[in-house]
Amino acid sequence: LPKPSERNILITSALPYVNNIPHLGNIIGCVLSADVFARFCRLRGWNTLYICGTDEYGTATETKAVEEGLTPRQICDKYNAIHSDIYSWFQISFDYFGRTTTEHQT
C-alpha cells in the first residue's frame, strides 16, 4: 500500500490497552466497525489494509503488572496473546495486528 492507479484504503481502529481481557463491548466499540468497513472495501476490490494492535504504554499497564505480580513486559506479552486469540476467534480481519512496543510500531 499504496498501489498506483488503484483505490487505496488504510483502516485502523482504537488500540486496545493490554490491561484486561477484551469483552463484547470492547469488540463492538473498538474493532468491529472498522472490520466491517475493511470487508466492504475488499468486496469492492479496493486495495485495503486494516491494521491495529495493542497499546502497551501507560499507567494502566504498570498498574496491572503490579496487581498480577508481573513485569510490564510480561503483562504485555500475556494480554497481547489473549487479545490476538479473541480477535481471531471472532474472525476480525486484520491484515496486521501488532504492538506499540515493537520497533515496527514505534
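**Exercise 1. Work out whether aspartate 35 is buried or exposed, and what it touches.**

Aspartate 35 counts as buried, since its relative accessibility is 4%. The cut-offs here are under 20% relative accessible area for buried, over 50% for exposed, and partly exposed in between (1.4 Å probe, protein chains only). A word on the ground rules: this is a predicted model, where local features need pLDDT of at least 70, side-chain atom pairs count only at pLDDT 80 or more, and totals for chains, interfaces and linings use all residues. Residues are numbered from 1 along each chain as its sequence is written, and side-chain values use heavy atoms, with hydrogens and water left out.

Next, place the residue: aspartate 35 sits in helix 1. Helices (H or I, at least four residues) and strands (E, at least two) are DSSP runs, numbered from the N terminus.

Last, list its partners. Setting aside neighbours within four places in sequence, aspartate 35 is in contact with Tyr50, Gln91, Ile92 and Ser93; contact means heavy atoms within 4.5 Å.

**Exercise 2. Sketch the overall layout of the protein.**

Start by counting elements: there are 3 helices and 3 strands. Along the sequence they come in the order β-α-β-α-α-β. Then take the dimensions: the C-alpha trace spans about 50 × 30 × 20 Å along its principal axes. Of the 106 residues, 36% count as buried. Finally, look at the contacts: among those between residues at least 6 apart in sequence, 69% join residues at least 24 apart.

**Exercise 3. Check the span of helix 3, then find which residues are buried.**

Step one is the ruler. Helix 3 (residues 72-89) has 18 residues, so at 1.5 Å a residue it should span 26 Å, and its end C-alpha atoms are indeed 26 Å apart. The expected span is 1.5 Å times one less than the number of residues.

Step two is burial: Ile75, Cys76, Tyr79, Asn80, His83, Ile86 and Tyr87 are the buried residues of helix 3. Looking down the axis, these fall within an arc of 135 degrees, so they line one face of the helix. That arc is taken from the directions from the helix axis to the C-beta atoms.

Step three is what lies on either side. The buried residues pack against helix 1 (24-43), strand 2 (47-54), helix 2 (59-68) and strand 3 (96-99). On the face turned away from the buried side you'll find the exposed residues Asp85, Ser88 and Trp89.

**Exercise 4. Trace the salt bridges that link distant parts of the chain, and find the network.**

The whole structure has 8 salt bridges, each a side-chain nitrogen of Lys or Arg within 4 Å of a carboxyl oxygen of Asp or Glu.

Take aspartate 95 and arginine 42 to begin with: their closest N and O atoms are 2.8 Å apart. This pair links the loop between helix 3 and strand 3 (aspartate 95) to helix 1 (arginine 42), 53 residues apart.

Now try arginine 99 and glutamate 56, at 2.7 Å between closest N and O atoms. Arginine 99 is in strand 3 and glutamate 56 in the loop between strand 2 and helix 2, 43 residues apart. Arginine 99 is buried at 15% relative accessibility, and glutamate 56 is buried at 4%.

Then comes a pair within helix 3: arginine 73 and aspartate 77 form a salt bridge (3.8 Å, N to O). Being 4 residues apart in helix 3, they are separated by about one helical turn. To finish, put the pieces together: salt bridges with shared partners join Glu56, Arg73, Asp77 and Arg99 into one network.
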